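Subject: Handover of the structure and its two ligands

Dear colleague,

Please find the structure below, together with its sequence. After it I go through what was found around the bound molecules, and I would be glad if you could read the notes with the structure open.

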Amino acid sequence: MKKTVVVLGTQWGDEGKGKIVDLLTEDSHAVVRYQGGHNAGHTLIINDEKTVLHLIPSGILRDGVKCYIGNGVVIEPKALIKEITQLEVSGVDVQSRLYISQSAPVIMPYHITLDQLREKAKGKDAIGTTGRGIGPAYEDKVARRGIRIGDLLDPELLKAQLTKVLAYHNFVIENYHNSEPLDFNEVYQAALEQADFIRDMCVDVTGELHKHLENDEKLLMEGAQGSLLDIDHGTYPFVTSSNTTSGSASTGSGLGATHIDYVLGITKAYTTRVGGGPFPTELFDEDGAELAKRGVEFGATTGRARRCGWLDLVALKRAVQVNGVTGLCVTKLDVLDTFETIKVCTSYGQDAFPSAACDFDKVQTEYQSLPGWQSSTRGITEAGDLPAEAKALLKVIEDFTGAPVHMVSTGPDRCENIIIENPMK
Ligand code: GDP
Ligand code: IMO
Ligand code: MG
């Protein structure tokens, strides 16, 4: 029996992780976010009602499922409180089921200022970050000067830490970026109020997760972003500032590698990317426009149009390898319903997988063309009901990557799925 399942993105994010996490929580006791922050946007559609989650785990819409934010997540308290409040206004009970790690780094206002100032200074070379302060907050963690949730809860400790770290960042803001410094009292007072709001939800998350394991309960680990945005394995420097690959599920929560029983890799049946950076299979023609239109490819966090392209099997295979993917979930298959021909990238024209953005820019993509099915797969729930051409596409994905397709998503709603093998069972 599988007890701990990791669900993560194998592309550049927005693969449909939130939808699948929500679906699989039916069989889990708790859901854990372990990296990233409110740069994520995870969309859940249940009976036509849409909810977009940024920091709160995608288990919150299931009564009785506990939701944990682990030590690996960077937390912006204002954004978290806003999300909690919005959910509670719509009738979801959040505060009694949400648990926050005291070891999680806090995204402070100066991180957001710095993120935005740096992007502006980069001009055309900008990464296209979400502007949420993610990178600067992770930098402070690694530099060992970061404020953590536990520090936020202690007014005197917070005052001492903030005095030092704000002086450091204000120096850069004023003297390097020629911008306005942040006011200590404003930042401190806001942080104290936020601390009071979240205080009762802060616990030893690692300890709680191990209690679940001791009780033989099932955990679902919810990844954010995608494998090609990983700080080590992605298209550096056009990446996010955390490890988005499966190792983070351990380090970002306090589970051991041996506690992970299954890794579900989510991949769209095509590819999208939001923000700057290399994208070998990107389309600039009417096929790309059709994918964007049918897939409604606009960012769930920033509203930016997503760049679209064919499925990149070379990158997917690499993601299967670095994550140790047990099974794949192919999402948005229905978006391909109208295509006469579907292409998948099968070679970069070189043996070595590129290690940085400048190497990705040199690849020579080669494609395999497959006949489209040109009929509706929307809402299909039985694998046997898929058109032969769709089955053939899934087989090509399995053969190329070496990972079995265990799930297929055929529409945005919670009930629109084919479950070939349930990862939680
Ligand atoms: P995440 O960040 O990985 O959780 O994905 P997002 O929520 O940012 O983006 C996925 C988008 O695709 C959302 O708008 C979902 O409602 C939608 N979606 C998910 N699965 C499917 C599917 O199988 N078919 C279609 N048409 N839309 C889907
Ligand atoms: P989910 O969880 C897609 C991208 C940004 C930018 C880069 C760095 O919804 O899949 P950051 O703000 O993290 O420093 O930005 O990473 N990015 C995402 N793209 N989906 C996401 O999350 C993303 N989170 C960050 O667009 O290119
Ligand atoms: Mg998203």
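A pocket here is an open set of grid points, computed over the protein atoms alone, with protein on both sides within 12 Å along at least five of seven lines, and a molecule sits in such a pocket if more than half of its atoms lie within 2 Å of its grid points. By that criterion ligand 2 sits in the largest pocket, while ligand 1 sits in the second largest. Please keep in mind throughout that this is a predicted model.

To begin with ligand 2, there are 20 residues surrounding this molecule, and Asp14, Lys17, His42, Thr130 and Thr240 are the closest of them. Sorted by class, that shell is made up of seven nonpolar, 10 polar and three charged residues. Oxygen atoms of ligand 2 have polar partners in the protein, including a polar side-chain atom of Thr240 at 2.6 Å, a backbone N or O atom of Gly41 at 2.9 Å and a polar backbone atom of Val274 at 3.1 Å. On its own, ligand 2 has 550 Å² of accessible area, and the protein covers 98% of it.

Turning to ligand 1, the shell holds 19 residues, of which Gly16, Lys17, Thr43, Asp334 and Ser409 come nearest. Here the classes divide into four nonpolar, eight polar and seven charged residues. For the oxygen atoms of ligand 1, the contacts with polar backbone atoms include one to Gly41 at 2.8 Å, one to Gly18 at 2.9 Å and one to Glu15 at 3.1 Å. Taken alone, ligand 1 exposes 580 Å², of which the protein buries 92%. Two elements, helix H1 (17–24) and strand E3 (42–46), are those that give two or more residues to the shell around ligand 1.

Where does ligand 1 lie with respect to domain 1 and domain 3? Since domain 1 (4–102 + 203–259) and domain 3 (266–419) both contribute residues to the shell around ligand 1, this ligand lies between them.

If you look through the two sites side by side, Lys17 is a useful place to start, being listed among the closest residues to ligand 2 and among the nearest to ligand 1. Gly41 is another, with a backbone atom 2.9 Å from an oxygen atom of ligand 2 and a polar backbone atom 2.8 Å from an oxygen atom of ligand 1.

With best regards

Technical notes. Residues numbered from 1 in each chain as written. Chains lettered and ligands numbered in written order. Predicted model: local features only at pLDDT ≥ 70, side-chain atom pairs only at ≥ 80, totals over all residues. Heavy atoms only, no water. Near = heavy atom within 4 Å. Polar contact = N/O pair within 3.5 Å; in protein donor to acceptor, adjacent residues only side chain to side chain. Areas by Shrake-Rupley, 256 points an atom, 1.4 Å probe, with all protein chains shown as cover. 1 Å grid on protein atoms, 1.4 Å probe; cavity = no way out; pocket = protein on both sides within 12 Å on 5 of 7 lines; lining within 4 Å. Helix = DSSP H or I, 4+ residues; strand = E, 2+ residues; numbered from the N terminus. Nonpolar A, V, L, I, M, F, W, Y, C, P; charged D, E, K, R; others polar. Domains from an automatic or database assignment.
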